[in-house]
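Please open the structure in a viewer and keep the selection panel at hand. The tour below proceeds from one selection to the next.

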Amino acid sequence: MDFSWTDDQHKLYTQARKFALDHLNAPIIPSGPIHPFPLEKWRQCGKFGLLGLTIPKPDGLGLDILTSALVFEAFGQECPDRGLLFAAGAHLFAATMPISEFGTDHLKKNVLSDLASGKKIAANAISEHQAGSDVLAIQMTADKTEGGYILNGEKSFVTNGPIADVVVVYAVTNPKAGYLGITGFAVESKEPGVELGKAFGKMGLNTTQGGYITFKD
Ligand SMILES: Cc1cc2nc3c(=O)[nH]c(=O)nc-3n(C[C@H](O)[C@H](O)[C@H](O)COP(=O)(O)OP(=O)(O)OC[C@H]3O[C@@H](n4cnc5c(N)ncnc54)[C@H](O)[C@@H]3O)c2cc1C
(Lines give C-alpha, C1' and ligand atoms only; values in the text may rest on other atoms or scores of the structure.)
Protein backbone atom coordinates (compact mmCIF):
# COMPACT_ATOMS: atom_id res chain seq x y z
CA MET A 1 0.00 0.00 0.00
CA ASP A 2 1.19 3.48 -0.80
CA PHE A 3 0.89 5.75 2.23
CA SER A 4 2.53 8.79 0.66
CA TRP A 5 0.55 12.01 0.19
CA THR A 6 -0.86 12.72 -3.26
CA ASP A 7 0.05 15.79 -5.31
CA ASP A 8 -3.33 17.33 -4.45
CA GLN A 9 -2.70 16.82 -0.72
CA HIS A 10 0.78 18.38 -1.02
CA LYS A 11 -0.75 21.33 -2.85
CA LEU A 12 -3.45 21.80 -0.19
CA TYR A 13 -0.82 21.58 2.59
CA THR A 14 1.22 24.33 0.93
CA GLN A 15 -1.89 26.48 0.44
CA ALA A 16 -2.93 25.99 4.07
CA ARG A 17 0.53 26.91 5.38
CA LYS A 18 0.65 30.01 3.21
CA PHE A 19 -2.83 31.06 4.34
CA ALA A 20 -1.96 30.55 8.03
CA LEU A 21 1.34 32.42 7.59
CA ASP A 22 -0.40 35.36 5.92
CA HIS A 23 -3.40 35.58 8.27
CA LEU A 24 -2.67 33.87 11.60
CA ASN A 25 1.02 34.34 12.23
CA ALA A 26 0.78 37.20 14.75
CA PRO A 27 2.45 36.58 18.12
CA ILE A 28 0.20 36.17 21.17
CA ILE A 29 0.66 38.96 23.68
CA PRO A 30 0.53 37.47 27.21
CA SER A 31 -2.41 38.81 29.22
CA GLY A 32 -2.94 36.30 32.05
CA PRO A 33 -4.54 32.86 32.13
CA ILE A 34 -7.58 33.87 30.03
CA HIS A 35 -7.05 35.73 26.79
CA PRO A 36 -9.95 37.16 24.81
CA PHE A 37 -11.20 34.85 22.06
CA PRO A 38 -9.58 35.88 18.72
CA LEU A 39 -12.83 36.17 16.78
CA GLU A 40 -11.24 37.86 13.75
CA LYS A 41 -8.74 34.99 13.38
CA TRP A 42 -11.59 32.50 13.86
CA ARG A 43 -13.36 34.12 10.91
CA GLN A 44 -10.18 33.75 8.85
CA CYS A 45 -10.10 30.01 9.72
CA GLY A 46 -13.68 29.82 8.49
CA LYS A 47 -12.76 31.66 5.29
CA PHE A 48 -10.15 29.04 4.43
CA GLY A 49 -12.55 26.20 5.23
CA LEU A 50 -10.76 24.91 8.35
CA LEU A 51 -13.97 24.91 10.40
CA GLY A 52 -15.76 22.68 7.89
CA LEU A 53 -12.95 20.49 6.50
CA THR A 54 -14.79 17.18 6.99
CA ILE A 55 -18.30 18.50 6.40
CA PRO A 56 -19.75 17.43 3.03
CA LYS A 57 -19.97 19.98 0.22
CA PRO A 58 -21.52 22.48 -0.33
CA ASP A 59 -21.46 23.43 3.40
CA GLY A 60 -17.89 22.27 4.01
CA LEU A 61 -14.87 21.11 2.01
CA GLY A 62 -15.85 17.42 2.10
CA LEU A 63 -12.31 16.19 2.88
CA ASP A 64 -11.43 12.81 4.36
CA ILE A 65 -10.03 12.64 7.88
CA LEU A 66 -6.35 12.17 6.90
CA THR A 67 -6.37 15.16 4.55
CA SER A 68 -8.12 17.17 7.25
CA ALA A 69 -5.42 16.24 9.75
CA LEU A 70 -2.83 17.37 7.20
CA VAL A 71 -4.50 20.77 6.90
CA PHE A 72 -4.60 21.12 10.69
CA GLU A 73 -0.88 20.28 10.77
CA ALA A 74 -0.21 23.00 8.19
CA PHE A 75 -2.09 25.56 10.31
CA GLY A 76 -0.19 24.33 13.40
CA GLN A 77 3.13 25.06 11.66
CA GLU A 78 2.33 28.73 11.08
CA CYS A 79 -0.25 29.75 13.69
CA PRO A 80 1.31 30.29 17.12
CA ASP A 81 -2.12 30.51 18.73
CA ARG A 82 -2.62 26.83 19.71
CA GLY A 83 -5.70 27.80 21.73
CA LEU A 84 -7.41 28.96 18.53
CA LEU A 85 -6.64 25.67 16.76
CA PHE A 86 -7.76 23.65 19.81
CA ALA A 87 -11.05 25.56 19.73
CA ALA A 88 -11.34 24.88 15.98
CA GLY A 89 -10.75 21.15 16.51
CA ALA A 90 -13.38 20.94 19.26
CA HIS A 91 -15.85 22.90 17.12
CA LEU A 92 -15.33 20.72 14.03
CA PHE A 93 -14.59 17.20 15.25
CA ALA A 94 -16.55 17.02 18.52
CA ALA A 95 -19.63 19.08 17.68
CA THR A 96 -20.10 19.94 14.00
CA MET A 97 -19.24 16.45 12.74
CA PRO A 98 -21.70 14.64 15.04
CA ILE A 99 -24.40 17.00 13.78
CA SER A 100 -23.36 16.33 10.19
CA GLU A 101 -23.22 12.55 10.68
CA PHE A 102 -26.21 11.99 12.95
CA GLY A 103 -28.37 15.13 12.96
CA THR A 104 -31.81 15.31 11.41
CA ASP A 105 -32.19 16.96 8.00
CA HIS A 106 -34.03 19.84 9.69
CA LEU A 107 -31.14 20.43 12.13
CA LYS A 108 -28.52 20.20 9.41
CA LYS A 109 -30.41 22.64 7.21
CA ASN A 110 -30.63 25.08 10.12
CA VAL A 111 -27.07 25.10 11.43
CA LEU A 112 -24.54 23.18 9.34
CA SER A 113 -23.67 25.89 6.86
CA ASP A 114 -23.18 28.50 9.61
CA LEU A 115 -21.05 26.07 11.64
CA ALA A 116 -18.87 25.02 8.70
CA SER A 117 -18.22 28.67 7.83
CA GLY A 118 -17.54 29.65 11.45
CA LYS A 119 -20.42 32.13 11.56
CA LYS A 120 -21.67 30.08 14.50
CA ILE A 121 -19.48 28.44 17.15
CA ALA A 122 -20.15 24.93 18.43
CA ALA A 123 -19.24 23.13 21.64
CA ASN A 124 -19.39 19.54 22.83
CA ALA A 125 -20.62 19.00 26.40
CA ILE A 126 -20.18 15.52 27.86
CA SER A 127 -18.03 15.89 31.00
CA GLU A 128 -19.64 16.64 34.34
CA HIS A 129 -18.11 17.38 37.73
CA GLN A 130 -18.36 13.69 38.74
CA ALA A 131 -18.00 12.16 35.26
CA GLY A 132 -14.87 12.77 33.19
CA SER A 133 -13.13 9.56 32.06
CA ASP A 134 -16.09 7.65 33.47
CA VAL A 135 -18.50 9.12 30.97
CA LEU A 136 -21.29 6.67 31.82
CA ALA A 137 -21.58 8.35 35.23
CA ILE A 138 -23.17 11.47 33.75
CA GLN A 139 -26.25 12.60 35.65
CA MET A 140 -27.76 15.15 33.29
CA THR A 141 -31.28 14.11 32.36
CA ALA A 142 -33.47 14.56 29.30
CA ASP A 143 -37.15 13.83 29.95
CA LYS A 144 -39.42 13.34 26.98
CA THR A 145 -42.37 15.69 26.76
CA GLU A 146 -44.85 16.37 24.06
CA GLY A 147 -42.89 17.90 21.21
CA GLY A 148 -39.42 17.57 22.71
CA TYR A 149 -37.25 16.97 25.74
CA ILE A 150 -36.60 18.85 28.96
CA LEU A 151 -32.90 18.96 29.87
CA ASN A 152 -31.56 19.41 33.38
CA GLY A 153 -27.97 19.28 34.55
CA GLU A 154 -24.55 20.91 34.52
CA LYS A 155 -21.60 20.29 32.22
CA SER A 156 -17.97 21.11 33.04
CA PHE A 157 -14.82 21.74 31.01
CA VAL A 158 -16.77 22.69 27.88
CA THR A 159 -14.34 23.96 25.23
CA ASN A 160 -15.96 26.96 23.47
CA GLY A 161 -18.69 26.80 26.14
CA PRO A 162 -18.67 30.51 27.09
CA ILE A 163 -18.98 31.59 23.43
CA ALA A 164 -21.03 28.73 21.95
CA ASP A 165 -24.03 29.28 19.71
CA VAL A 166 -24.79 25.55 19.43
CA VAL A 167 -24.03 22.93 22.07
CA VAL A 168 -24.00 19.18 21.42
CA VAL A 169 -24.90 17.91 24.87
CA TYR A 170 -25.29 14.36 26.18
CA ALA A 171 -27.95 13.38 28.73
CA VAL A 172 -29.50 10.26 30.25
CA THR A 173 -32.78 9.37 28.56
CA ASN A 174 -33.08 5.83 29.96
CA PRO A 175 -31.13 5.09 33.17
CA LYS A 176 -31.75 1.33 32.84
CA ALA A 177 -30.10 1.07 29.43
CA GLY A 178 -26.47 1.97 30.32
CA TYR A 179 -24.59 3.59 27.44
CA LEU A 180 -27.54 2.93 25.13
CA GLY A 181 -29.59 5.17 27.43
CA ILE A 182 -27.49 8.26 26.72
CA THR A 183 -28.68 10.57 23.93
CA GLY A 184 -27.02 13.53 22.22
CA PHE A 185 -28.95 16.75 21.66
CA ALA A 186 -28.06 19.86 19.71
CA VAL A 187 -29.20 22.89 21.70
CA GLU A 188 -28.98 26.54 20.71
CA SER A 189 -27.45 28.50 23.56
CA LYS A 190 -30.04 31.27 23.18
CA GLU A 191 -32.74 28.83 24.38
CA PRO A 192 -34.22 29.87 27.74
CA GLY A 193 -32.69 27.92 30.64
CA VAL A 194 -29.26 27.57 29.03
CA GLU A 195 -26.61 29.43 31.02
CA LEU A 196 -23.09 29.72 29.64
CA GLY A 197 -20.53 30.06 32.45
CA LYS A 198 -17.51 32.35 32.33
CA ALA A 199 -14.21 31.09 30.88
CA PHE A 200 -11.85 29.64 33.47
CA GLY A 201 -8.07 30.08 33.58
CA LYS A 202 -5.73 27.36 32.32
CA MET A 203 -1.97 26.78 32.17
CA GLY A 204 -1.98 26.82 28.37
CA LEU A 205 -4.26 27.06 25.33
CA ASN A 206 -5.06 30.48 26.78
CA THR A 207 -7.27 31.76 23.99
CA THR A 208 -9.50 28.66 24.19
CA GLN A 209 -12.59 29.63 26.17
CA GLY A 210 -13.61 26.74 28.44
CA GLY A 211 -16.33 26.80 31.05
CA TYR A 212 -19.42 25.34 32.69
CA ILE A 213 -22.84 25.23 31.06
CA THR A 214 -26.03 24.73 33.04
CA PHE A 215 -29.33 23.56 31.58
CA LYS A 216 -32.47 24.27 33.58
CA ASP A 217 -35.79 22.92 32.30
C1 LIG B 1 -8.36 21.67 28.05
C2 LIG B 1 -9.53 20.75 28.26
C3 LIG B 1 -10.61 20.83 27.41
C4 LIG B 1 -11.72 19.99 27.59
N5 LIG B 1 -12.78 20.13 26.73
C6 LIG B 1 -13.89 19.36 26.94
C7 LIG B 1 -15.05 19.54 26.11
O8 LIG B 1 -15.06 20.33 25.18
N9 LIG B 1 -16.14 18.81 26.38
C10 LIG B 1 -16.17 17.90 27.39
O11 LIG B 1 -17.21 17.26 27.56
N12 LIG B 1 -15.10 17.71 28.20
C13 LIG B 1 -13.95 18.42 27.99
N14 LIG B 1 -12.85 18.26 28.81
C15 LIG B 1 -12.93 17.33 29.92
C16 LIG B 1 -12.19 16.05 29.66
O17 LIG B 1 -12.95 15.24 28.78
C18 LIG B 1 -11.99 15.39 31.03
O19 LIG B 1 -11.05 16.19 31.74
C20 LIG B 1 -11.46 13.99 30.87
O21 LIG B 1 -12.50 13.16 30.41
C22 LIG B 1 -10.92 13.45 32.21
O23 LIG B 1 -11.90 13.57 33.18
P24 LIG B 1 -11.58 14.22 34.63
O25 LIG B 1 -10.91 15.55 34.40
O26 LIG B 1 -12.86 14.17 35.43
O27 LIG B 1 -10.51 13.27 35.29
P28 LIG B 1 -10.78 11.86 35.98
O29 LIG B 1 -11.68 11.03 35.14
O30 LIG B 1 -11.20 12.13 37.41
O31 LIG B 1 -9.34 11.26 35.96
C32 LIG B 1 -8.32 11.69 36.88
C33 LIG B 1 -7.12 10.79 36.73
O34 LIG B 1 -7.47 9.42 36.97
C35 LIG B 1 -7.11 8.61 35.87
N36 LIG B 1 -8.15 7.57 35.67
C37 LIG B 1 -9.47 7.79 35.47
N38 LIG B 1 -10.12 6.60 35.34
C39 LIG B 1 -9.19 5.63 35.45
C40 LIG B 1 -9.23 4.21 35.40
N41 LIG B 1 -10.36 3.55 35.21
N42 LIG B 1 -8.08 3.53 35.54
C43 LIG B 1 -6.90 4.19 35.74
N44 LIG B 1 -6.79 5.53 35.80
C45 LIG B 1 -7.91 6.23 35.66
C46 LIG B 1 -7.04 9.57 34.67
O47 LIG B 1 -6.16 9.08 33.67
C48 LIG B 1 -6.50 10.83 35.33
O49 LIG B 1 -5.10 10.78 35.47
C50 LIG B 1 -11.72 19.05 28.65
C51 LIG B 1 -10.62 18.97 29.50
C52 LIG B 1 -9.54 19.80 29.31
C53 LIG B 1 -8.37 19.68 30.23
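The stops that follow begin at the ligand, continue through the paired strands and end among the helices. The model is a predicted one, which should be kept in mind at each stop.

**The ligand and its shell**

Select the ligand first, and then display the residues around it: Phe-86, Asn-124, Ala-125, Ile-126, Ser-127, Gly-132, Ser-133, Phe-157, Val-158 and Thr-159. Colouring this shell by class gives 5 nonpolar residues, 5 polar residues and no charged ones. Two strands, S1 (122–125) and S3 (148–159), each contribute at least two residues to the shell. The largest share, 3 residues, is supplied by S3.

Which polar atoms should be picked out here? Begin with Asn-124, where a polar backbone atom lies 2.8 Å from a nitrogen atom of the ligand. Move next to Ser-127: one of its backbone N or O atoms is 2.8 Å from a ligand oxygen atom. Finally, show the side chain of Ser-133, which places an N or O atom 2.7 Å from an oxygen atom of the ligand. The ligand taken alone exposes 970 Å², and the protein buries 40% of that area.

**From S3 to its neighbouring strands**

Keep S3 selected and add strand S2 (residues 141–145). The two strands run antiparallel and are joined by 5 bridges. To see the register, label Thr-141, which stands opposite Asn-152 in S3. S2 and S3 form a hairpin with 2 residues between them, and Gly-147 in the turn has a positive phi of about 85 degrees.

Now add strand S7 (residues 210–215), which pairs with S3 in the antiparallel sense over 5 bridges. Two positions help to follow this pairing. Gly-153 stands opposite Phe-215 in S7, and Lys-155 has Ile-213 of S7 as its bridge partner.

From S7, continue to strand S6 (residues 194–196). S6 and S7 also pair in the antiparallel sense, over 3 bridges. Here the residue to label is Glu-195, opposite Thr-214 in S7.

**Helix H2 and its cover**

Leave the strands and select helix H2 (residues 39–48). Which of its residues are buried? They are Lys-41, Trp-42, Gln-44, Cys-45, Gly-46 and Phe-48. Next, display helices H1, H3 (65–78), H4 (82–102) and H5 (105–117), which are included in what covers these buried residues. Step just past the end of H2 to reach Gly-49, which takes a positive phi of about 115 degrees.

**Two residues in the covering helices**

Go to Gln-9, located in helix H1 (residues 7–24). Is Gln-9 buried or exposed? Gln-9 counts as buried because its relative accessibility is 14%, below the 20% limit used for that term. Leaving aside residues up to four places away in sequence, Gln-9 touches Thr-67 and Leu-70.

The last selection is Ser-113, in helix H5. With a relative accessible area of 35%, Ser-113 is partly exposed. Draw a distance between the C-alpha atoms of Ser-113 and Asp-59: they are separated by 4.8 Å, although the two residues are 54 residues apart along the chain. Apart from residues up to four places away in sequence, Ser-113 touches Asp-59 and Lys-108.

How values were computed
Residues numbered from 1 in each chain as written. Predicted model: local features only at pLDDT ≥ 70, side-chain atom pairs only at ≥ 80, totals over all residues. Heavy atoms only, no water. Near = heavy atom within 4 Å. Polar contact = N/O pair within 3.5 Å; in protein donor to acceptor, adjacent residues only side chain to side chain. Areas by Shrake-Rupley, 256 points an atom, 1.4 Å probe, with all protein chains shown as cover. Helix = DSSP H or I, 4+ residues; strand = E, 2+ residues; numbered from the N terminus. Nonpolar A, V, L, I, M, F, W, Y, C, P; charged D, E, K, R; others polar. Pairing = 2+ DSSP bridges. Buried < 20%, exposed > 50% of the residue type's maximum accessible area, 1.4 Å probe, protein only. Contact = heavy atoms within 4.5 Å.
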